[in-house]
Amino acid sequence: MSTTTDVTPSGRAFISDNMAGASPEIAQAVATAAAGHVPPYGNDPFTEGARRRLSETFERDVDVFLVSTGSAANCLGLAALTRPWGSVLCHPDSHINTDECGAPEFFTDGAKLVTVPGDDSKIDADALQQAARHRAGDVHSVQPSVVSISQATESGSVYTLDEIRRLATVAKGAGLRVHMDGARFANAMDHLGCTPAEMTWKAGVEVLSFGATKNGAMTADAIISFDPALATELAFRAKRAGQLASKMRFHAAQLDAYLTDGLWLRNARQANAMATLLGDGLKAIPGTELRGSPQANILFCRLPRQATEGLLAEGYTFYHHRWAPGIVRFVTSFSHTPDDIDQLLDAVRRHTR
């Protein structure tokens with residue numbers, strides 16, 4: 001049986017932002033939703049309120065399908081955008097390519113993931129231009145069908161609005177649809193200082209996997225479709241995948257609280273600021289090497305072996321040696337504080353002397 005002794009203190013938990021608990025406002029919203037009786041399967045005032053708030057957030061009517069995981073959001077969204085003989089063009093580092101255990105292929109009934117290279121974990125537009133037309137019309141080959149971009153990416157970089165628009169232009173010119181994996185959508189938006197609409201449908205995105213779990217929610221993400229023609233198919237796919245929750249009000253209450261009074265943006269701003277603080281501190285420590293220029297709340301760096309071993313011995317949790325020898329990944333969350341970062345940096349200094 002799990003006990004509180006199994007819980008990693010927030011100041012030492014840097015494996016991922018999904019290690020953090022829930023924002024108090026969201027926990028309270030779930031408790032409030034637990035009272036009384038309402039219709040099931042999303043036919044309740046909580047779910048209607050969440051849908052209305054998301055439409056307001058994105059400055060237009062959107063179709064919303066609340067799901068319990070980001071994997072469900074990604075895979076069901078992609079399934080609605082491609083046929084089994086299609087291909088999903090994505091970056092080699094993308095979550096759907098490296099961390100979904102074949103779920104995209106499963107839910108699309110066999111569509112193939114085709115990787116398209118680019119620096120900083122971002123698809124290169126010129127490479128996409130070639131991939132989008134590769135063997136198009138050839139019955140012997142899967143057909144390019146949809147482009148999936150991660151915002152923010154798995155390495156912490158962020159597509160600019162111009163980059164998103166250019167990729168969408170290339171995709172649509174070749175007859176492809178555009179999907180965005182927004183597991184860390186708020187973190188990317190905070191970095192760009194833009195609106196949700198500017199980063200999605202105004203830039204050419206047709207389906208968004210809207211992440212909240214990594215930024216303060218408990219168990220709620222969403223598929224947001226900007227194409228009304230996809231609504232019926234997405235509804236049936238969500239039900240068939242076991243994602244039409246009987247007590248949908250608990251998902252909805254989380255999303256509604258998440259978007260109320262700017263909570264989601266405050267959480268993302270805190271997580272991003274802690275990553276910047278950590279990155280600046282690591283750069284000042286001899287023997288460490290920051291990899292890339294983190295723009296959201298993920299950063300990679302090279303640490304001496306004794307530093308990695310020393311941090312682990314002190315109870316710090318983070319990914320190490322998953323990508324390359326000596327490379328570690330730290331992910332900050334809304335729950336981290338400047339004191340947490342200072343203590344981590346002090347530990348790195350002690351173990352690199």
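Which helix and which strand each supply at least two residues of the lining of the largest pocket? In this predicted model, they are helix H4 (95–98) and strand S11 (327–331). The volume of this pocket is about 730 Å³. Its lining is made up of 29 residues, and those nearest the centre are Glu154, Ser155, Phe300, Trp323 and Arg329. Sorted by class, the lining holds 11 polar, 10 charged and 8 nonpolar residues.

The second largest pocket contains about 240 Å³ of space. Here 19 residues form the lining, with Gly70, Ser71, Ala183, Lys214 and Asp221 nearest the centre. Helix H3 (70–79), strand S5 (177–182) and strand S6 (207–210) each give at least two residues to this lining, and H3 provides the largest share, 4 residues. By class, 11 of the lining residues are polar, 4 are nonpolar and 4 are charged.

From the pockets, the account turns to the interior. The largest nonpolar core consists of 58 residues. Within this core, the residues with the most contacts are Phe58, Phe185, Met199, Phe210, Ile224 and Tyr258. Tyr258 may serve as an example: apart from residues up to four places away in sequence, Tyr258 touches Ile26, Ala186, Phe210, Gly211, Ala212, Asn215, Leu263 and Trp264. There is also a second, separate core of 20 residues, and Leu299, Val328, Leu344 and Ala347 are included in it.

Two of the residues touched by Tyr258, namely Leu263 and Trp264, lead to helix H12, which covers residues 263–283. How far apart are the end C-alpha atoms of this helix? They are 31 Å apart, which agrees with the 30 Å that 21 residues should span at 1.5 Å a residue. Many positions along H12 can be examined for burial. Among the buried residues of this helix are Leu263, Trp264, Asn267, Ala268, Ala271, Asn272, Met274, Ala275 and Leu278. An α-helix has 3.6 residues a turn, so residues three or four places apart point the same way.

A loop residue completes the picture. Gln243 lies in the loop between helix H10 (231–240) and helix H11 (249–259). Is Gln243 buried or exposed? Gln243 counts as buried because its relative accessibility is 14%, and buried means under 20%. When neighbours within four places in sequence are left aside, the contacts of Gln243 are Leu66, Val67, Ser68, Ala72, Leu76, Ala238 and Met248. Of these contacts, Ala72 and Leu76 fall within helix H3 (70–79), one of the elements that line the second largest pocket.

Key. Residues numbered from 1 in each chain as written. Predicted model: local features only at pLDDT ≥ 70, side-chain atom pairs only at ≥ 80, totals over all residues. Heavy atoms only, no water. Core = buried A, V, L, I, M, F, W, Y, C linked by side-chain atoms within 4.5 Å. Buried < 20%, exposed > 50% of the residue type's maximum accessible area, 1.4 Å probe, protein only. Contact = heavy atoms within 4.5 Å. Expected span 1.5 Å × (residues − 1). 1 Å grid on protein atoms, 1.4 Å probe; cavity = no way out; pocket = protein on both sides within 12 Å on 5 of 7 lines; lining within 4 Å. Points joined across faces, edges and corners; volume = space filled by probe spheres on them. Nonpolar A, V, L, I, M, F, W, Y, C, P; charged D, E, K, R; others polar.
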